[in-house]
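Please work through the following exercises with the coordinates open, and try each task before reading its solution.

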Amino acid sequence: MSNTNDIQEEWTEMVEEMNNAVADSMEQNMKAQAAFVESWADAVEDTIPEQEDLADGMDGYNRAYEEWIDAAEQMVERSTDAAQGEDVDPAEFRDIWLQSANEAFKHVMGTSAFAAANGQLVESMMEMQQEADDLSQDTLEQLGFPTRNDVDEIAERLIELERRQHAVEQKLDRVLEHLEE
């Protein structure tokens with residue numbers, strides 16, 4: 001009978017360990033998911049434009065859309081004129097689209113939303129450029145080549161040596177002048 005009790009106790013202990021392992025696993029999973037969501041929210045928060053910028057951007061896009069619609073209507077009118085026998089210069093079609101494109105781009109690019117997005121893009125590119133520069137300097141250092149910092153240090157030393165040499169030359173000139181007197 002003790003054998004049955006031992007088996008039952010081992011079984012109970014094993015089930016308890018499995019339950020604890022599952023509970024620990026679920027807790028770690030929840031923590032990881034929470035950390036991911038928090039990280040994602042922080043990243044997205046910086047990219048969401050302010051309400052005013054968003055409204056301005058939508059207004060700009062709406063005005064650009066109206067420009068394209070106007071251009072399409074002009075194209076239809078001029079195509080109809082050409083179909084009815086009127087002499088329509090093909091350059092007119094090009095001019096209609098160029099004019100509307102210029103106006104549409106002005107509407108979009110003149111918005112605060114475009115400026116904000118462009119600013120974020122430039123900032124991201126500057127960060128990427130700095131990271132690439134840091135990586136290249138690290139690589140040069142690991143390969144035993146002089147880095148920008150090494151070259152800058154040598155340049156500073158060279159300038160200091162030139163300054164000192166110039167001071168010594170001036171003193172020597174004064175000594176020579178004094179000896180000649």
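The exercises below concern a predicted model, and each task is followed by a worked solution.

**Exercise 1. Geometry and burial of helix H3**

Task: Determine how the end-to-end reach of helix H3 relates to the expected span, and then establish where the buried residues of H3 fall when seen down its axis.

Solution: Begin with the extent of the element, since helix H3 covers residues 90-109 and therefore has 20 residues, for which the expected span is 1.5 Å times one less than that number. The reach from the first C-alpha to the last is 29 Å, which is close to the 28 Å expected. Next, list the buried residues of H3, which are Phe 93, Ile 96, Ser 100, Ala 101, Ala 104, His 107 and Val 108. Viewed down the axis of H3, these buried residues fall within an arc of 125°, so they line one face of the helix.

**Exercise 2. Salt bridges within helices**

Task: For the salt bridges Arg 63 with Asp 59 and Glu 103 with Lys 106, work out the separation along the helix and classify the exposure of each partner.

Solution: Start with Arg 63 and Asp 59, whose closest N and O atoms are 3.3 Å apart, within the 4 Å cut-off for a salt bridge. Both belong to helix H2 (residues 51-83), where being 4 residues apart separates them by about one helical turn. Arg 63 has a relative accessible area of 31% and is partly exposed, and Asp 59, at 38%, counts as partly exposed as well.

Turn then to Glu 103 and Lys 106, for which the closest N and O atoms are 3.1 Å apart. These two residues are 3 residues apart in helix H3, and are thus separated by about one helical turn. Glu 103 counts as partly exposed at 21% relative accessibility, whereas Lys 106 is exposed at 54%. Elsewhere, salt bridges that share partners join Arg 78, Asp 81, Glu 86 and Glu 92 into one network. A search of the whole structure finds 10 salt bridges, among them the one between Asp 95 and Arg 94, with closest N and O atoms 3.0 Å apart.

**Exercise 3. A side chain facing a backbone oxygen**

Task: Which backbone oxygen lies 2.8 Å from a polar atom of the side chain of Thr 12, and is Thr 12 buried, partly exposed or exposed?

Solution: First place Thr 12, which lies in helix H1 (residues 2-45). The oxygen in question is that of Gln 8, at 2.8 Å from a polar atom of the Thr 12 side chain. Finally, the relative accessibility of Thr 12 is 44%, and this residue counts as partly exposed.

Key: Residues are numbered from 1 along each chain as its sequence is written. This is a predicted model: local features need pLDDT of at least 70, side-chain atom pairs count only at pLDDT 80 or more; totals for chains, interfaces and linings use all residues. Side-chain values use heavy atoms; hydrogens and water are left out. Buried means under 20% relative accessible area, exposed over 50%, partly exposed in between (1.4 Å probe, protein chains only). The arc is that of the directions from the helix axis to the C-beta atoms. A salt bridge is a side-chain nitrogen of Lys or Arg within 4 Å of a carboxyl oxygen of Asp or Glu. A polar contact is a pair of N or O atoms within 3.5 Å; within protein, one must be able to donate a hydrogen and the other to accept it, and residues adjacent in sequence count only if both atoms are side-chain atoms.
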